[in-house]
Amino acid sequence: MKKTIVLAALLGCVSLQASAEVVGDTIEIKNVDKVRIENTAGEQRIIIEGARFDHGMKYNQTVTYDNPSEVKSGFSGTKDADKYIVKPKDPNKWDKWSTNGYLNVGLSALTGAPDGYDFKLWPSWEFGIGLQEEWRPFGKKNVWSLGFGVGWRRYKMKDSKYLDKGRNLVASVSTDMLIPVDFPQGAENKSSSISVFSLQVPVTYTHYFTDEDGWGITLGGIVNFNTGAHANHSYSLGDYDNDVDVCKIGQRPVTIDLLAMVRIPSFVDVYFKYSPTKLFKSDRGPEVNQLSFGVWF
């Protein structure tokens with residue numbers, strides 16, 4: 001089996017001597033960049049790449065032998081030589097644990113909204129960033145992961161109404177209920193949205209159909225701890241500009257997203273998320289579910 005030894009940092013300051021085929025002839029190359037020594041049955045090959053006088057230089061020599069004991073190697077005058085030896089990685093082994101960052105950007109929507117709650121897909125968006133610890137106990141093609149990150153989501157409404165509580169309410173509706181309200185007659189520059197901030201814990205399984213980082217599919221879920229949320233509306237009326245944040249809107253403290261992702265080699269991954277849990281608590285907002293899709297880096 002071929003064995004390869006790469007000397008990189010060490011040989012930048014150590015001279016090398018190699019015997020040529022003609023007995024008594026010596027080649028001395030100082031301050032080489034890299035030396036690779038390959039041993040196979042009955043043959044040794046020495047490859048030198050780069051030197052002080054020419055970093056593009058390449059020299060190689062092949063020596064054949066009948067008795068393996070004729071080939072000797074060792075270090076002389078160099079302390080801790082093992083620190084400079086880079087052994088080739090066994091292709092049959094893999095790193096069972098690794099940590100990777102992730103970032104996702106996509107469009108989002110609230111589905112199942114009752115009449116009057118006119119949410120729109122654009123320009124609603126979501127953004128997430130975090131770290132994932134990946135585990136490969138049975139090979140490179142099967143990856144379990146557990147992560148932690150943060151996410152922001154913003155849901156836009158159409159310009160006809162805005163969301164508010166405790167104003168313009170009929171007697172039969174709780175003042176804590178988030179309901180749609182008509183913009184004033186003649187209002188301009190109208191905008192209404194809901195923003196949600198979450199601490200996220202993604203739990204996923206990925207299967208690659210070819211090699212690692214090739215085509216694959218990811219299934220799993222994301223637990224969202226919704227630590228902050230508010231509704232905002234703004235408009236202009238004559239010389240008056242109105243911009244209001246409505247806080248404590250009654251979002252559920254924990255929601256779960258079901259996640260499916262297609263892994264595309266040499267390209268960004270595409271994901272889809274759907275939350276079967278409602279965004280708002282009962283009697284605090286419309287019974288809506290969260291849906292989103294986008295790209296995952």
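Here is a short chat about a predicted model, covering its cores, its salt bridges and one threonine.

Biologist: Let's start inside. Which strand gives the most to the largest nonpolar core?
Modeller: That core has 24 residues, and F119, L163, L178, I194 and I249 are the ones that touch the most other members. Strands β10, β11, β12, β13, β14 and β15 each supply at least two residues of this core. The one that gives the most, with three residues, is β14.

Biologist: Sticking with F119, which residues is it in contact with, leaving aside its neighbours within four places in sequence?
Modeller: F119 is among the residues that touch the most other members of the largest core, and two of its contacts, L163 and I194, are on that list too. The full set for F119 is L110, A113, Y155, K156, M157, L163 and I194.

Biologist: And how many residues are in the second, separate core?
Modeller: This one includes V32, V35, M57 and Y59. Those names are just part of the set, as the core's total is eight residues.

Biologist: On to charges. How many residues apart in sequence are the parts tied together by E126 and K273?
Modeller: Side chains of opposite charge can pair when their charged atoms come close. The side chains of E126 and K273 meet in a salt bridge, at 3.3 Å from N to O. E126 sits in strand β9 and K273 in strand β17, so the parts they tie together are apart in sequence by 147 residues.

Biologist: Is E126 buried or exposed?
Modeller: The cut-off for buried is under 20% relative accessible area. E126 has 4% relative accessibility, so it counts as buried.

Biologist: What about E49, which counts as partly exposed: what is its relative accessibility?
Modeller: E49, in strand β5, pairs with K34, in strand β4, and their side chains meet in a salt bridge at 3.4 Å. K34 counts as partly exposed because its relative accessibility is 31%. E49 counts as partly exposed too, at 23%.

Biologist: Which residues are linked with K34 in a network of salt bridges?
Modeller: The salt bridge between E49 and K34 belongs to a network. Besides K34, the residues linked in that network are R36, E38 and E49.

Biologist: Last one: with which residue's side chain does the side chain of T255 make a polar contact?
Modeller: T255 lies in strand β16 and is buried, with a relative accessible area of 0%. Beyond its sequence neighbours, T255 is in contact with residues including I222, V223, N224 and N226. The polar contact, at 3.2 Å, is with the side chain of N226.

Conventions: Residues are numbered from 1 along each chain as its sequence is written. This is a predicted model: local features need pLDDT of at least 70, side-chain atom pairs count only at pLDDT 80 or more; totals for chains, interfaces and linings use all residues. Side-chain values use heavy atoms; hydrogens and water are left out. Helices (H or I, at least four residues) and strands (E, at least two) are DSSP runs, numbered from the N terminus. Buried means under 20% relative accessible area, exposed over 50%, partly exposed in between (1.4 Å probe, protein chains only). A polar contact is a pair of N or O atoms within 3.5 Å; within protein, one must be able to donate a hydrogen and the other to accept it, and residues adjacent in sequence count only if both atoms are side-chain atoms. Contact means heavy atoms within 4.5 Å. A nonpolar core is a set of buried Ala, Val, Leu, Ile, Met, Phe, Trp, Tyr and Cys residues joined through side-chain atoms within 4.5 Å. A salt bridge is a side-chain nitrogen of Lys or Arg within 4 Å of a carboxyl oxygen of Asp or Glu.
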